[in-house]
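Hello,

Here is the structure I promised to pass on. Have a look through it first, and then read on for my notes.

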Amino acid sequence: PAQAMILADQAAFNSADRSFTDVLPGAAAAVSFDPDETTTVELALALNSRAPSLVERYLWTPLNASAGLADGRTYLGNLDLDPETSFKAGIGFEKRGKCWNAELTPFYQSVNDYIQGMPLARLDASGNPVLQYQNIDRAELYGFELAGAYDISSEFSIDSSISYVRGKNKDSGGDLYRIAPLRGMVDLAYRHETWESHLEWVWADSQNHVSDLQGESPSPGYGILNLRIAKMFFKTLRLEAG
């Protein structure tokens, strides 16, 4: 039966029209102003388009090819896919001090014809529904990025960042697939003459906003502590260990 289905997939693909011309409009505009010497505000608007990838459009029979998701699921392409078109708006606030700076950027993005794998009645070898790439009418993503730096002294400094994204499937009301959770980084750096070192903590919160359509499981949070030491020799050679 499996071989018969593959042969049917092959025949359907070979007899279909596989030539496409995608029209992908794009535009961007930004305006910024400085209320005072230490503050900058920027508003940005963008219209972007994305054509379906080769995997999304031309994967002619269900395979473990997931366009980079590497999630163990089995995917099927779709010759009827339309390009994605998205509108994104963001506003940035930057504040600078004598030995510090901070920047906050909230954003909102609406995507028409969002492409994602949708379950079919057809099952793969593991008994899971095959996921075929399809367009959903609209998806939205929103969140923020926050970054800052502080010079403790001439030798010590701290850099940090935190970001958050929430993705919603406006067709089903559920969450989008494979959206990163709240995450961030803190880096304590030391620089003295030809020496440099970094003690860095990278972390991510648990993710419970997962896609029911893809059977996505919640994931726990984690933290990673990195230590890097570097030294410059003769102004041209840098050695680093971590």
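Which residues form one aromatic cluster? They are Phe13, Phe20 and Tyr58. Please keep in mind as you read that this is a predicted model.

**Aromatic pairs**

Searching the whole structure turns up seven aromatic pairs. In one of them, the ring centres of Phe13 and Tyr58 are 6.4 Å apart and the planes stand at 85°, so this pair is edge-to-face. It joins distant parts of the chain, since Phe13 belongs to helix H1 (residues 2-15) and Tyr58 to helix H2 (residues 54-58), 45 residues apart. Phe13 has a relative accessible area of 16% and is buried, while Tyr58, at 26% relative accessibility, is partly exposed.

Tyr75 and Tyr133 make another pair: their ring centres are 5.1 Å apart with the planes at 20°, so these two are stacked. Tyr75 is in strand S3 (residues 75-76) and Tyr133 in strand S6 (residues 129-151), so the pair ties together parts 58 residues apart in sequence. Both of these tyrosines, Tyr75 and Tyr133, are buried.

**Charges over rings**

Phe20, from the cluster above, has company too: the charged end of Arg57 sits over its ring, 4.1 Å from the centre. Elsewhere, Lys88 lies over the face of Phe107, 5.0 Å from the ring centre.

**Nonpolar cores**

Phe107 also belongs to the largest nonpolar core, which has ten residues. The other members are Val111, Tyr114, Met118, Ile136, Ala139, Leu141, Val165, Leu176 and Ile179. Strands S5 (100-123) and S6 each supply at least two residues of this core, and S5 gives the most, with four residues. As general background, nonpolar side chains tend to be buried together in soluble globular proteins.

Leaving out residues up to four places away in sequence, Phe107 touches Lys88, Ala89, Gly90, Leu141, Tyr142, Gly143, Phe144, Tyr164 and Val165. Apart from the largest core lies another core, of seven residues, including Leu59, Leu81, Ile115 and Leu131.

**Paired strands**

Strand S8 (residues 183-192) pairs with S9 in the antiparallel sense over ten bridges. Leu188 has Leu199 in S9 as its bridge partner. Two residues lie between the strands in this hairpin of S8 and S9, where Glu193 takes a positive phi near 50°. S9 also pairs with strand S10 (residues 222-233), again in the antiparallel sense over ten bridges. There, Val202 stands opposite Ile224 in S10.

**Two buried polar residues**

Is Glu200, in strand S9 (residues 195-204), buried or exposed? Its relative accessibility is 14%, under the 20% cut-off, so Glu200 counts as buried. The side chain of Glu200 makes a polar contact with the side chain of Arg228, at 3.4 Å. Not counting residues up to four places away in sequence, Glu200 touches Met185, Val186, Asp187, Ile224, Leu225, Asn226 and Arg228.

Ser163 is the other residue I wanted to point out, and its place is in strand S7 (residues 156-169). Ser163 counts as buried, at 14% relative accessibility. Setting aside neighbours within four places in sequence, Ser163 is in contact with Phe144, Glu145, Pro181, Leu182 and Arg183.

Best wishes

Note on methods: Residues numbered from 1 in each chain as written. Predicted model: local features only at pLDDT ≥ 70, side-chain atom pairs only at ≥ 80, totals over all residues. Heavy atoms only, no water. Phe/Tyr/Trp six-rings, centres within 6.5 Å; stacked < 30°, edge-to-face > 60°. Buried < 20%, exposed > 50% of the residue type's maximum accessible area, 1.4 Å probe, protein only. Lys NZ or Arg CZ within 6 Å of the ring centre and 35° of its normal. Polar contact = N/O pair within 3.5 Å; in protein donor to acceptor, adjacent residues only side chain to side chain. Contact = heavy atoms within 4.5 Å. Core = buried A, V, L, I, M, F, W, Y, C linked by side-chain atoms within 4.5 Å. Pairing = 2+ DSSP bridges.
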